[in-house]
Amino acid sequence: MTGLPLSLDMQAPIEAALAILRDGSGEHCLSDHAFSNLYLFRAAHDYRYLPGPWPCITGRTYDGMRHLMPLFALSDAPIDLLCSLMEAHDALYPLARRDADALPSSLFALAESADDADYLYAASQFLEYSGRVMSDKRGQVRDLQGAHVLSAQAFDEDGLGAARQVLEGWMSQKSKVAGEADESACIEALENAGRFGLEGFVHFADGLPVGFVLAQELQPRVFVMRFAKGLDSHVGIYPHMFQHFCRSFARPVDWLNFEQDMGLPGFRRSKRSYGPAALIPKFRASLRR
């Protein structure tokens, strides 16, 4: 695959281009449109950078499709240019609805998969976990708070060791060996949180670290949960951490994006259990042959 392997010195131009794509998208902003996401999962998708007047990212989706992520508004590009860029790729992806709608249907076929869609939640639903649907979450938080003395600190360099301890415990409880799951990406995120604009909290129970969350503000008041790790030994730690984030973060939080479930049954059950307000589609545009 052509292009340059992603490196940290590419952050400025790529992030600047993605910021333009994100602008004005509000809560429907795609979780993929951030340099942090591309860089941290560069190995999983073989992401590469194609610089130039019409810059792009190339990569492979989880289901093996060779895709091209334009770092420019599709409405600005000549159609023959887009067709030329597509010659070595299966699809333009991921496209927000407004970008997909800019493509002529006579030349491009659009498709979407539930596996790709981002899960969107109103922050207000985490504040109290009100209603019958959220009764399990409400009960888990209540039981956790009754069984332990809970505390949290904003994530910074001082909390790095505690977060690493949580990650190690999480890997052990999930029976994962070094390098499995998203361990490598998570470690890089913790170590480069400031650079990537990742913010969050480390959580403690009875003085011991039991969980952490790292989120990124994609649009004003719209945050994507990049990493959330909690120990299974402390049932309720996840709903507690999400509630705490929405209640206690330093800036207003209106929406949370939990990213996609990748078609994994466990992820899908977990994300759906919080009652998403919407699923944000990510379109794949392929040339009609």
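Contact here means heavy atoms within 4.5 Å, and the model shown in every view is predicted.

**Figure 1. Contact between helices α7 and α11 in the predicted model.** Residues Lys137, Gln140, Val141, Leu144 and Gln145 of α7 meet Ile237, Pro239, His240 and Gln243 of α11. Helix α7 spans residues 135-147 and helix α11 spans residues 237-248; their axes come within 8 Å and cross at roughly 95°. This crossing makes α7 roughly perpendicular to α11. Sorted by class, the residues of this contact comprise 4 nonpolar, 4 polar and 1 charged.

**Figure 2. Packing of helix α8 against helix α9.** The axes of α8 and α9 (residues 183-191) lie 10 Å apart, at an angle of about 170°. The two helices, α8 and α9, are therefore roughly antiparallel to each other. On the α8 side, the contact involves Leu160, Ala163, Arg164, Leu167 and Met171; these meet Glu183, Cys186, Ile187, Leu190 and Glu191 on the α9 side. The contact of α8 with α9 comprises 7 nonpolar and 3 charged residues, with no polar ones. An α-helix has 3.6 residues a turn, so residues three or four places apart point the same way.

**Figure 3. Surroundings of helix α9.** Glu183, Ala185, Cys186, Ile187, Ala189 and Leu190 of α9 are buried. The elements that cover the buried residues of α9 include the helices α2 (35-40), α8 and α10 (193-196), together with the strands β9 (198-205), β10 (208-219) and β11 (222-230).

**Figure 4. Nonpolar cores and the environment of Phe245.** The largest nonpolar core holds 61 residues, and within this core Ile14, Phe212 and Phe245 touch the most other members. Helix α8 (residues 160-173) gives the most to this core, contributing 6 residues. A second core, separate from the largest, has 15 residues, among them Leu92, Ala100, Leu103 and Phe283. Apart from neighbours within four places in sequence, the contacts of Phe245 are Glu199, Gly200, Phe201, Val213, Ala215, Phe223, Met225, Val253 and Leu256.

**Figure 5. The open sheet of 7 strands.** The strands follow the order β1-β2-β3-β4-β5-β14-β6, with mixed pairing. Strands β1 (4-5) and β6 (108-112) form the edges, each pairing on one side only. Strands β2 (residues 48-50) and β3 (residues 56-60) run antiparallel and are joined by 3 bridges. Opposite Leu50 stands Cys56 in β3.

**Figure 6. The cis peptide bond between Tyr93 and Pro94.** Omega of the bond that joins Tyr93 and Pro94 is about -5°. Pro94 has its place in strand β5 (residues 91-95). Most residues other than glycine have a negative phi, and most peptide bonds are trans.

**Figure 7. Positive phi values at Ser175 and Asp206.** Ser175, a residue other than glycine, has a positive phi near 60°. The loop between α8 and α9 contains Ser175. Ser175 counts as exposed because its relative accessibility is 63%, the cut-off for exposed being over 50%. Asp206, also a residue other than glycine, has a positive phi near 55° and lies in the loop between β9 and β10. With 46% relative accessibility, Asp206 counts as partly exposed.

Technical notes. Residues numbered from 1 in each chain as written. Predicted model: local features only at pLDDT ≥ 70, side-chain atom pairs only at ≥ 80, totals over all residues. Heavy atoms only, no water. Core = buried A, V, L, I, M, F, W, Y, C linked by side-chain atoms within 4.5 Å. Buried < 20%, exposed > 50% of the residue type's maximum accessible area, 1.4 Å probe, protein only. Helix = DSSP H or I, 4+ residues; strand = E, 2+ residues; numbered from the N terminus. Axes fitted to C-alpha atoms, helices over the stretch in contact; angles between N-to-C directions. Parallel < 35°, antiparallel > 145°, perpendicular 65-115°, else oblique. Nonpolar A, V, L, I, M, F, W, Y, C, P; charged D, E, K, R; others polar. Pairing = 2+ DSSP bridges.
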